[in-house]
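Me: Please take a close look at how one pair of neighbouring helices packs in this model, and set out the criteria behind each term.

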Amino acid sequence: MVSVAGRAPGAPAAAEALVSPEGATELLRRSGVPVERAEPDYVRVKPGGGMLVGYRLRGRGPDGEAVEVPGYVRAVGPARAAAVAAKWATMRPAPTPLGPGFRLLADGATVLFLFPTDARLRDLRAVAERSKLKRILAELPGFGDRGRRVSGKRSTIAPVRYKPERRFIAAADLTVTDGDQAWRLGAFLRLFPDARGRRLAELAEAIRTGAGASLVPRPLGAVLGGRLFVEERATGRELLDELLDGTADGSALADAVRRLHGAAPPRWLPHRTAASIVSTLETGLATMADAAPRLGPAARVVLGGLRRAMPAEAAPALLHGDLHLHQVIVSREATVLVDLERAGVGDPLHDLGELLAHIEEVARARPEAAARLARFGGELTDVLIEGRRTPDAGVRFYVAAATANRALLPFRRLEPEWVERSRALLDLAAATLDGAR
């Protein structure tokens with residue numbers, strides 16, 4: 001259960017109820033929301049801003065039809081909640097099958113936003129509606145100025161990931177017309193509250209210029225003041241599927257990673273040092289341990305081990321920053337690295353550590369493939385550390401840090417039995433630092 005420590009002053013005394021399906025459902029019903037079940041699927045503690053919890057809300061629409069609407073609540077305390085409610089009373093939240101897109105809840109200290117209304121992603125409604133999106137996409141380079149148009153009626157948009165107030169990612173199958181010609185274009189739409197989309201477009205172009213056009217998906221441009229980034233969808237299979245069926249090519253992945261590391265990084269990318277990685281983990285693990293105090297000792301062991309094991313700084317390189325097995329798309333033509341949102345500059349072992357941590361996690365869940373996964377990880381390591389002096393300590397540090405970071409995912413997603421899953425990953429990180437893996 002989530003402890004009250006770290007909540008904003010005045011937040012509901014029973015904040016634990018917000019991460020409980022029963023507690024959240026009861027509060028929403030008491031507030032007049034026609035919901036049958038509220039399933040929490042995302043939690044974030046905002047320093048100075050209370051708690052944010054995302055939900056899948058199931059209920060009945062105006063005609064009695066079954067509906068599911070994403071939504072989230074912010075527990076901010078009575079004074080702040082009243083101010084937020086007064087602000088939204090002058091705005092136009094989008095209507096939804098479960099009622100208005102904004103609502104002050106019955107406890108007086110919590111506010112509800114229903115998709116596509118979002119406190120910070122103000123363009124979410126336009127991006128989620130095909131009729132509005134086609135006008136937005138006409139501003140992309142090579143579209144409206146060249147006569148190409150996106151058909152709203154013949155295009156589809158499917159949400160892929162929604163982190164309230166931070167990002168919205170959708171997969172789009174667009175029908176593009178140019179005179180009497182029409183073709184289909186698969187794309188990903190990435191919406192942010194700031195101009196991060198423009199920077200992602202710049203980064204993708206820099207990588208394609210410096211490391212090869214096939215290494216990352218083709219950027220189609222950034223619109224809405226740089227808040228919406230549009231990129232062509234890479235075709236192929238995830239590396240994880242290739243690994244599990246024994247068709248993965250380690251040399252192709254190693255070549256792709258080395259090409260990425262050899263590209264010139266834009267100057268605005270953040271520098272990720274070993275110390276900054278530990279500092280970020282410390283914040284995340286403290287929040288998780290506040291939610292489940294019995295994880296505190298394991299988290300402290302890992303953090304202490306990471307501080308003692310921090311390697312010397314290596315020559316910095318362009319990093320993917322979140323290079324797990326789902327982020328690599330493989331086809332006969334190319335190995336493509338996707339999702340550059342966490343790109344940075346730092347030790348190349350950072351990306352290797354992310355890959356090895358995910359390989360080890362999958363191996364433990366799929367023991368029948370463990371030997372194959374271990375061989376692949378070993379071959380990948382041999383290639384990527386070739387010529388580097390005393391790399392073992394650095395590899396252990398980055399694998400352990402990535403494993404500890406993966407321990408946060410079950411908590412943030414509120415997965416079933418997340419405490420046990422997170423504890424197993426923390427223990428795995430500690431074993432890595434001890435050289436027991």
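Reply: What follows concerns one helix pair and, after that, the nonpolar core.

This is a predicted model, in which local features need pLDDT of at least 70 and side-chain atom pairs count only at pLDDT 80 or more, whereas totals for chains, interfaces and linings use all residues. Residues are numbered from 1 along each chain as its sequence is written, and side-chain values use heavy atoms, with hydrogens and water left out.

Helices here are DSSP runs of H or I with at least four residues, numbered from the N terminus. Helix α10 (residues 349-365) packs against helix α11 (residues 370-384) at an angle of about 170°, and their axes lie 9 Å apart; the axes are lines fitted to C-alpha atoms over the stretch in contact, and angles run from 0 to 180 degrees between N-to-C directions. The two helices α10 and α11 are therefore roughly antiparallel, a term that applies to angles over 145 degrees.

Counting contact as heavy atoms within 4.5 Å, α10 contributes L352, L355, L356, I359, V362 and A363, which meet A370, L373, F376, G377, L380, T381 and L384 of α11. Of the residues in this contact, eleven are nonpolar, two are polar and none is charged, where Ala, Val, Leu, Ile, Met, Phe, Trp, Tyr, Cys and Pro count as nonpolar, Asp, Glu, Lys and Arg as charged, and the others, Gly among them, as polar.

As for the largest nonpolar core, a set of buried (under 20% relative accessible area, 1.4 Å probe, protein chains only) Ala, Val, Leu, Ile, Met, Phe, Trp, Tyr and Cys residues joined through side-chain atoms within 4.5 Å, this core has 134 residues. Its largest share, eleven residues, comes from helix α12 (residues 392-412).

Note on methods: Angles under 35 degrees count as roughly parallel, over 145 as roughly antiparallel, 65 to 115 as roughly perpendicular and the rest as oblique. Buried means under 20% relative accessible area, exposed over 50%, partly exposed in between (1.4 Å probe, protein chains only).
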